[in-house]
Amino acid sequence: MTVSYARVGSGEPLLLLHGIGHHRQVWDPVIPVLAAERDVIAVDLPGCGESPAMPDGLAHDLPTMSAALGAFCQALEIERPHVAGNSLGGLLALDLGREKLARSVTALSPAGFWTPVERRYAFGVLMAMRQTAQRLPLPLVERLSRSAAGRTVLTSTIYARPARRPPEAVVAETLALARATGFTETLRSGREVQFTDDIPGVPVTVAWGSKDRLLVPRQGIRAKHVIPRARLVRLPGCGHVPMNDDPALVARVVLDGSR
C-alpha cells in the first residue's frame with residue numbers, strides 16, 4: 001500500500017493524524033511551531049488526501065488502520081513516535097498508544113467516546129458534509145471561499161472561527177472531502193467503535209474544543225473516566241478541528257503532551 005506524507009523539523013518524532021475525509025494539510029497552522037522541537041510527520045490516512053484506499057481485501061477499520069500506521073513507522077525506521085490526532089486521527093492515536101506503538105498520545109476531540117445517539121448525529125452530519133462537497137461545483141466553492149461568510153457556510157461545522165481559514169485551504173479541504181476514496185468504508189467501520197480501554201504506561205492528553213459541534217465536549221469527560229491518568233484539557237473557543245481556531249494553544253498542548 002502507499003501512504004502520502006510530509007516530514008519537516010528535527011527532534012523526537014511526532015506523527016500527526018487527521019480526521020475522516022480530511023487531509024494532512026489541516027495541521028499546517030501548527031506545524032511550524034511543532035517542527036521547531038520535533039521531527040514532524042504528517043500523514044494522509046488511507047483513502048484520504050493523496051493516499052489511495054486500502055488494497056482489496058483490507059478493511060478501513062481500526063485494527064487495520066493502526067497496523068498500517070505501525071508498518072508505516074517501521075518503513076521510516078521510527079520506533080514509537082509521539083502521536084497526535086484529531087477526531088478519527090485521535091482515535092487512531094489512542095489505539096496506537098493502547099498497542100504500545102506510541103511513546104505519548106495527544107488526542108484532539110477523538111472519536112469513540114460517544115453515546116449511540118451522539119454517534120448517529122455525528123455520522124449524519126459527516127454524511128451531509130460529504131454529499132454537499134460532492135455536489136457543489138468547483139467554481140462555486142472557489143467563489144464562496146473568497147468571503148468570510150462563504151467560508152462560514154462551507155466549514156462552520158468543524159471550525160469555530162471559519163473566517164480565519166485561508167480561501168485556498170477551504171477549497172482544498174472541500175475537494176479532499178469530496179474525493180476521499182476511503183470515506184464510506186471508514187464511516188461504516190466506525191459504527192461499532194467504542195473506546196473502552198485504559199492506556200497504562202503511556203502519557204495521554206485528551207483535549208476538547210469548547211465549541212465542538214460535531215463531537216460535543218461532554219465526551220471528553222467520558223474519555224477521562226475511561227483513561228483516568230489522562231490529562232484532560234479544555235480548548236476555549238475552539239471547534240472540532242482546533243488547529244486552525246487557535247494554533248498557538250494547540251501547538252502548546254501537543255508539545256506539552258509529547259514531553
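Helices, meaning H or I runs of at least four residues, and strands, meaning E runs of at least two, are DSSP runs numbered from the N terminus, and in these terms Glu77 is placed in the loop between H2 and strand E4 (82-86). The model described here is a predicted one. The points below take up the packing of helix H4 (residues 116-135) against helix H7 (residues 167-179), the aromatic pairs, of which the structure holds three, and a selection of individual residues in strands, helices and loops.

**Packing of H4 against H7**

- Helix H4 (residues 116-135) packs with helix H7 (residues 167-179) at an angle of about 105 degrees, and the axes of the two helices are 8 Å apart.
- Because angles of 65 to 115 degrees count as roughly perpendicular, H4 is described as roughly perpendicular to H7.
- On the H4 side the contact is made by Met129, Arg130, Ala133 and Gln134, while H7 contributes Thr174, Leu177, Ala178 and Arg179.
- Sorted by class, the residues in this contact of H4 with H7 are four nonpolar, two polar and two charged.

**Aromatic pairs and a charge over a ring**

- Three aromatic pairs are found in the structure, and a pair of aromatic rings is described by the distance of the centres and the angle of the planes.
- In one of these pairs the ring centres of Tyr5 and Phe72 are 5.2 Å apart and the ring planes stand at 70 degrees, so the pair is edge-to-face.
- This pair links distant parts of the chain, given that Tyr5 is in strand E1 (residues 5-9) and Phe72 is in helix H2 (residues 62-75), with their positions 67 residues apart in the chain.
- Tyr5 counts as partly exposed at 35% relative accessibility, whereas Phe72 counts as buried at 9% relative accessibility.
- In another pair the rings of Phe113 and Phe195 have centres 5.7 Å apart and planes at 50 degrees, so the pair is tilted.
- The pair of Phe113 and Phe195 also links distant parts of the chain, 82 residues apart: Phe113 is in the loop between strand E5 (104-108) and H4, and Phe195 is in the loop between helix H8 (183-189) and strand E6 (204-209).
- Phe113 counts as buried at 2% relative accessibility, and Phe195 is likewise buried, with a relative accessible area of 2%.
- Apart from the ring pairs, Arg119 lies over the face of Phe123, at 5.3 Å from the ring centre.

**Buried residues in strands and in H2**

- Ile41 lies in strand E3 (residues 38-43) and counts as buried, at 1% relative accessibility.
- With neighbours within four places in sequence left aside, the contacts of Ile41 include both Tyr5 and Phe72, the two residues whose rings form the edge-to-face pair.
- The other residues in contact with Ile41, under the same exclusion of sequence neighbours, are Ala6, Arg7, Pro13, Leu14, Leu15, Leu16, Leu76 and Ile78.
- Ile41 and Gly89, which are 48 residues apart in sequence, are 13 Å apart in space from C-alpha to C-alpha.
- Ala207 lies in strand E6 and is buried, with a relative accessible area of 0%.
- Leaving out neighbours within four places in sequence, Ala207 is in contact with Ala107, Leu108, Ser109, Val233, Leu235 and Val253.
- The C-alpha atoms of Ala207 and Ile31 are separated by 18 Å, the two residues being 176 residues apart along the chain.
- Thr64 is placed in helix H2 and, at 18% relative accessibility, counts as buried because the class is set at under 20%.
- Once neighbours within four places in sequence are set aside, Thr64 is in contact with Met54, Leu58 and Ala59.

**Loop residues and positive phi values**

- Glu77, in the loop between H2 and strand E4 (82-86), has a positive phi of about 60 degrees although it is not a glycine.
- At 74% relative accessibility, Glu77 counts as exposed.
- Arg80 lies in the loop between H2 and E4, and its phi is near 50 degrees, a positive value in a residue other than glycine.
- Arg80 counts as partly exposed, at 32% relative accessibility.
- Pro55 lies in the loop between E3 and H2 and counts as partly exposed, at 33% relative accessibility.
- Pro55 and Ala122 are 67 residues apart in sequence, and their C-alpha atoms are 27 Å apart in space.

Note on methods. Residues are numbered from 1 along each chain as its sequence is written. This is a predicted model: local features need pLDDT of at least 70, side-chain atom pairs count only at pLDDT 80 or more; totals for chains, interfaces and linings use all residues. Side-chain values use heavy atoms; hydrogens and water are left out. Axes are lines fitted to C-alpha atoms, for helices over the stretch in contact, and angles run from 0 to 180 degrees between N-to-C directions. Angles under 35 degrees count as roughly parallel, over 145 as roughly antiparallel, 65 to 115 as roughly perpendicular and the rest as oblique. Contact means heavy atoms within 4.5 Å. Ala, Val, Leu, Ile, Met, Phe, Trp, Tyr, Cys and Pro count as nonpolar, Asp, Glu, Lys and Arg as charged, and the others, Gly among them, as polar. Rings of Phe, Tyr and Trp (its six-membered ring) pair if their centres lie within 6.5 Å; planes under 30 degrees apart count as stacked, over 60 as edge-to-face and the rest as tilted. Buried means under 20% relative accessible area, exposed over 50%, partly exposed in between (1.4 Å probe, protein chains only). A charge sits over a ring if NZ of Lys or CZ of Arg is within 6 Å of the ring centre and within 35 degrees of the ring normal.
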